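I opened this model to work through the strands, one helix and the core of a single chain, and I kept notes as I went.

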Amino acid sequence: MVGPGFLAGKGREDSLRRWRDLGGVLALLLVMGWILGRMGFFEPGRLAGGLVNFGRFAAELFPPDLSVLPTVLGALAETVEMAFAGTFLGFLLSFPLGVLGTRTLFPRPVVLAVRFLVAMTRTVPSLLWAVIMVIVVGLGPLAGTLALAVYTVGYLAKLYAEILEGVDPEVIEAVRGLGARRRHLVRYVLWPESANAVLSQLLFMLEYNIRSSTVLGLVGAGGIGFYMQVYISTLAYSRLATVLLAVLAVVLVMDGLSAWVRRRYLLQG
Amino acid sequence: MTTIRHTDNTGELALTPAVEVQDLWLAYRPGEWVLKSVELRVPRGQLWVVMGPSGAGKTTLMKALAGLLPFQRGTVEVMGFRLQGEPPRAFRRVVGYIPQQLGLVRGLTALENVLLGALGRHGGLGPTLGLFPRQEVTRARDYLAMLGLGDKAGTRVFNLSGGERQRVAIARTLMQDPQLILADEFVSDLDLPRAARILETIRGLVREWGLTLLMNLHEIQLVRELADHVVVLKDGRIVHQGPAGALGWSDFRALTEDGGAGVSGR
């Protein structure tokens, strides 16, 4: 139990901190209110009108026009291919880059250079990479695939370097003490000690890429996004509904599939 | 930064001691000496034990001798190699080191872990792809069988018991073909009878194959039974060296006393 003297001293400090926290929260609310106000969030008719528009839009979505289903499924297959190929290419680059970015294995300058490169890659969002790749290799799924690959490298290489650095340095030291070379350490220590985490992140990236690949077509980088854009700009909302439902189905199936792979293969041991 | 002198040119090899340390000073941080003017000379073919309270610098000494830690002052010669900076691969082939936590790769099988001991001999692409020469695989299996693990070759290390792991670590070190084995309290996690069995196995090998073994060990009973010679380290200095047989129980107690019985190493 605490004595009264202790409470008195502590209480003053506490109430000071409470006032400071309250001031902080109020300031944050004011700033957010100002930002939202500038955007028109508080204009009376605007959101209400938006709601009406949304209702009209939703009504036009239904019933979905299933006549475009063959076209949509073809484009969706291309989207999934892009996601798989892009993730695969990205992984092929990410693991070696992750290894090069591991401080327990490589000298500081190498690690810093690799990490800087990877961080640069990460600052550009995938849609912008798609624009760049369309400029570089032209319209179509190749551009989208490359965009996803580059974006994947930005994330996976960073995550892999962190995972690999988490491997017990005493094990690395012991195996190095056996006369192992660096490539042996990667093959026999880093990989077996981190394979689960590496594959788990790869699955996560695949899920993410499936989702982001659906919009790459907006900028002409292949896949279902192209039809989204066409149906939106021609106000063919019932066809758009078919697209959205198909995308939803694919995302759900892929998430389920990767959850199954995780349960089946990655949780043991 | 690497300057290594291999001193065993002529037939001098057999005459040089396994370990010769002169005035060794080592600190992890400037001014905080963990080893202070250590002098040590271990002849070949013997089993020596380093004892001492926790924090005395036993693990540090082992790591320094294994070429895994840089030191600031003094000379260290191990199996004819003058250590300074990262030792060459030839050094790794003659000096085996078993860390306290064993340093096994948990996700690999016992056999794979033992095969890692052969990596120093095979620089080619084969081992990187998971392919070892047939005779190395046979040898690794033989060592496991010799240590009573013949049926566990395909078992992953995380499924092995503590005692089984110790034996895998020994087999892996033997796979290096070492002439000197440095072992850091590596039986400290085992109960006494089991530790004794492991150490008897090792002593048998030392005798039979003419190996030299230098290890940290705190179990007085085991030291008295197994060691040829005892070195006592206290606060970074060697305070006693002598034949293990000449020491009585009370001597051991007095020499290794640290107020609260020290076990784990640093």
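I began at the hairpin of strand 5 and strand 6 of chain B, where two residues lie between the strands and Met79(B) takes a positive phi near 50 degrees; strands here are DSSP runs of E of at least two residues, and helices are runs of H or I of at least four, both numbered from the N terminus. Strand 5 and strand 6 (residues 81–82) of chain B run antiparallel and are joined by two bridges, which meets the criterion for pairing, namely that DSSP finds at least two bridges between the strands. Within this hairpin I found Phe81(B) of strand 6 to be the bridge partner of Val78(B).

Before going further I noted that this is a predicted model, in which local features need pLDDT of at least 70 and side-chain atom pairs count only at pLDDT 80 or more, while totals for chains, interfaces and linings use all residues. Residues are numbered from 1 along each chain as its sequence is written, and chains are lettered from A and ligands numbered from 1 in the order in which they are written.

I then followed strand 5 (residues 73–78) of chain B to strand 2 (residues 19–29) of chain B, with which it pairs in the antiparallel sense over five bridges, and there Val21(B) stands opposite Val76(B).

Next I looked up the open sheet of chain B, whose six strands follow the order 7-8-9-4-10-11 with mixed pairing. Strand 7 and strand 11 of chain B are at its edges with a single partner strand each, so one side of each has no neighbour in the sheet. Strand 8 of chain B runs parallel to strand 9 (residues 212–216) of chain B, with five bridges joining them, and Leu180(B) stands opposite Thr212(B) of strand 9. Strand 10 (residues 229–234) and strand 11 (residues 237–243) of chain B run antiparallel and are joined by six bridges; Val231(B) faces Gln241(B) across this pair, and in the two-residue hairpin between the strands Asp235(B) has a positive phi near 50 degrees.

I turned to helix 5 (residues 162–175) of chain B, whose 14 residues should span 20 Å at 1.5 Å a residue, and whose end C-alpha atoms are 20 Å apart, which agrees; the expected span is 1.5 Å times one less than the number of residues. Of its 14 residues, 11 are buried, meaning that 20 or more other C-beta atoms, placed from the backbone, lie within 10 Å of the residue's own (exposed is 12 or fewer, partly exposed in between). What covers these buried residues includes helix 3, helix 4 (134–146) and strand 8 (180–184) of chain B. After the helix comes Asp177(B), with a positive phi near 65 degrees.

For the largest nonpolar core, a set of buried Ala, Val, Leu, Ile, Met, Phe, Trp, Tyr and Cys residues joined through C-beta atoms within 7 Å, I noted 141 residues, of which Ala147(A), Val175(A), Val114(B) and Leu182(B) touch the most other members. Its largest share, 14 residues, comes from helix 6 (residues 141–165) of chain A.

Lastly I checked confidence: the mean pLDDT (the predictor's confidence in each residue, from 0 to 100) of chain B is 82, and 87% of its residues reach 70 or more. Over residues 1–12 of chain B the pLDDT stays under 50. The complex has an ipTM of 0.80 and a pTM of 0.75 from the predictor.

Note on methods:
Two residues are in contact if their C-beta atoms, placed from the backbone, lie within 7 Å.
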